[in-house]
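Thank you all for coming. Please take a moment with the sequence and the picture before I walk you through them.

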Amino acid sequence: MKTLVLTIGVVLASVFLVNAQVYHVIKLEGSVTNLNSGKILAPGDVINGSDRLAFESASASIIAIGDNRTKYILRMPKMESADKTDLVLIANQAANAVKSRNAFKTRAFNPDQKDVVDLKQYFGNDRFSIIGDQVKVTLSEQKYPLSNDKFIVFYYKVKDKPVSKKLGFEQQTINIEADKLREVKGEKIDANEIPDVMVYEYEMPTKDYQEITSFNLLFVNNADLEKEFNTIIPILRNQKMDDKGIKEYLVDYYVDFYGLTDSKVLSTFIDGVLKKSS
């Protein structure tokens, strides 16, 4: 009898823990409705683990964080085809925990670095992002001496047509400008990401080049990013986290969802958001 009571207690506790899971909505792609409340979800909303979610499309998704600060993406599993009735799922079933890169604790975040000595490490080989319109990067003169005859080039394709962009520079500082990269022969690219960007060090006289790395290049709107951070900050402050801890969390959140970026730019951006929100 005691064994039966204990078993029932464990089962009930497990059910309670599952239902007690909550997700704080940070960002949405597409539209998702909480069928329990009848409300279309928005940043700042809270979803219970047992809530039924109706996704507008198979590509709709939610970025959320739990009370334990775990980051999640809530979305439908991959399916070949689906109608509206198939796009309903319990929140806990839709939730996928995001494995953190712990950028703040690794070389992925180093705002004190004076100049870049390894562009492969700086850009990575997965995803690199630009916050706002541009980023200026000072390179080591010993490793990457810049001149009119030696410079850095981005190579990528737009609509299967090759594009080669020489990065502007002043002394040892290159300038990566979003608008120039998204403009091809006078035509603007209406996209937030350019896939398969290859980075080369190019020498004009000999036409020799050396591939440094390749990655997907993402353009992040600073106003949208500020909204995301301003959604996260109150959640963490309610958990009694200080601003130092919040900054570490925001760095990891950014790198987990947007990839690597310039550490100084990200650090300054977060400091500004925290100051305005205090």
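**The cores and what surrounds them**

Let me start with the largest nonpolar core, which has 62 residues, and in which F154, I176 and L217 touch the most other members. The largest share of this core, 9 residues, is supplied by helix 6. Apart from this one there is a second, separate core of 19 residues, and V25, A64, L87 and A91 are among its members. I should say straight away that what you are looking at is a predicted model.

If we stay with F154 for a moment and leave aside residues up to four places away in sequence, its contacts include F123, V163, L167, L181, V197, V199 and F215. I176 and L217 are on that list as well, and these two were named together with F154 as the residues that touch the most other core members.

Helix 6 comes next, since the largest share of the core is drawn from it. How many of its 16 residues are buried? The count is 13, so described with the cut-off of under 20% relative accessible area, helix 6 is mostly covered. The helix runs over residues 243-258, and because 1.5 Å a residue leads us to expect a span of 22 Å, the 22 Å between its end C-alpha atoms agrees with that expectation. Just after helix 6 comes G259, which takes a positive phi of about 90°.

Now to the strands, where I would like to begin with the pairings of strand 19, residues 208-220. Strand 19 is joined to strand 10 by 5 bridges, and these two run parallel; within that pairing, I131 has V220 as its bridge partner in strand 19. Strand 18, residues 193-203, is joined to strand 19 by 9 bridges, and here the two run antiparallel. In strand 19 it is L217, one of the core residues I named at the start, that stands opposite I194. Strands 18 and 19 form a hairpin with 4 residues between the strands, and in this hairpin K207 takes a positive phi near 60°.

There is also an open sheet of 3 strands, in the order 11-15-14, with antiparallel pairing. Its edge strands are strand 11, residues 134-138, and strand 14, residues 168-170, each of which pairs on one side only. Neighbouring strands of this sheet are turned against each other by 25° on average, with direction ignored. Strand 14 pairs with strand 15, residues 173-177, over 3 bridges, and G168 stands opposite N175 of strand 15.

A further open sheet has 4 strands, again paired in the antiparallel sense, in the order 3-2-5-8. Strand 3, residues 39-40, and strand 8, residues 88-90, are the edge strands here, each pairing on one side only. Inside this sheet, 3 bridges join strand 2, residues 32-34, to strand 5, residues 52-55, and V32 stands opposite F55 of strand 5.

Let me finish with charged side chains. Side chains of opposite charge can pair when their charged atoms come close. Searching the whole structure gives 14 salt bridges, and I will pick out a few of them.

Between K71 and D256 there is a salt bridge of 3.1 Å, N to O. Because K71 lies in strand 7, residues 71-75, while D256 lies in helix 6, this pair ties together parts that are 185 residues apart in sequence. Are these two residues buried or exposed? Both K71 and D256 are buried.

A salt bridge of 3.1 Å, N to O, is also found between the side chains of R101 and D126. This pair links distant parts of the chain, 25 residues apart, with R101 in the loop between strand 9 and helix 3, and D126 in the loop between helix 3 and strand 10. R101 is partly exposed at a relative accessible area of 37%, and D126, at 42%, counts as partly exposed too.

In the salt bridge that K188 forms with E183, the closest N and O atoms are 3.6 Å apart. K188 counts as exposed because its relative accessibility is 52%, with the cut-off for exposed set at over 50%, whereas E183, at 33%, counts as partly exposed. Finally, K27, E29 and E228 are linked in a network of salt bridges.

Key: Residues numbered from 1 in each chain as written. Predicted model: local features only at pLDDT ≥ 70, side-chain atom pairs only at ≥ 80, totals over all residues. Heavy atoms only, no water. Pairing = 2+ DSSP bridges. Axes fitted to C-alpha atoms, helices over the stretch in contact; angles between N-to-C directions. Expected span 1.5 Å × (residues − 1). Buried < 20%, exposed > 50% of the residue type's maximum accessible area, 1.4 Å probe, protein only. Core = buried A, V, L, I, M, F, W, Y, C linked by side-chain atoms within 4.5 Å. Contact = heavy atoms within 4.5 Å. Salt bridge = Lys/Arg side-chain N within 4 Å of Asp/Glu carboxyl O.
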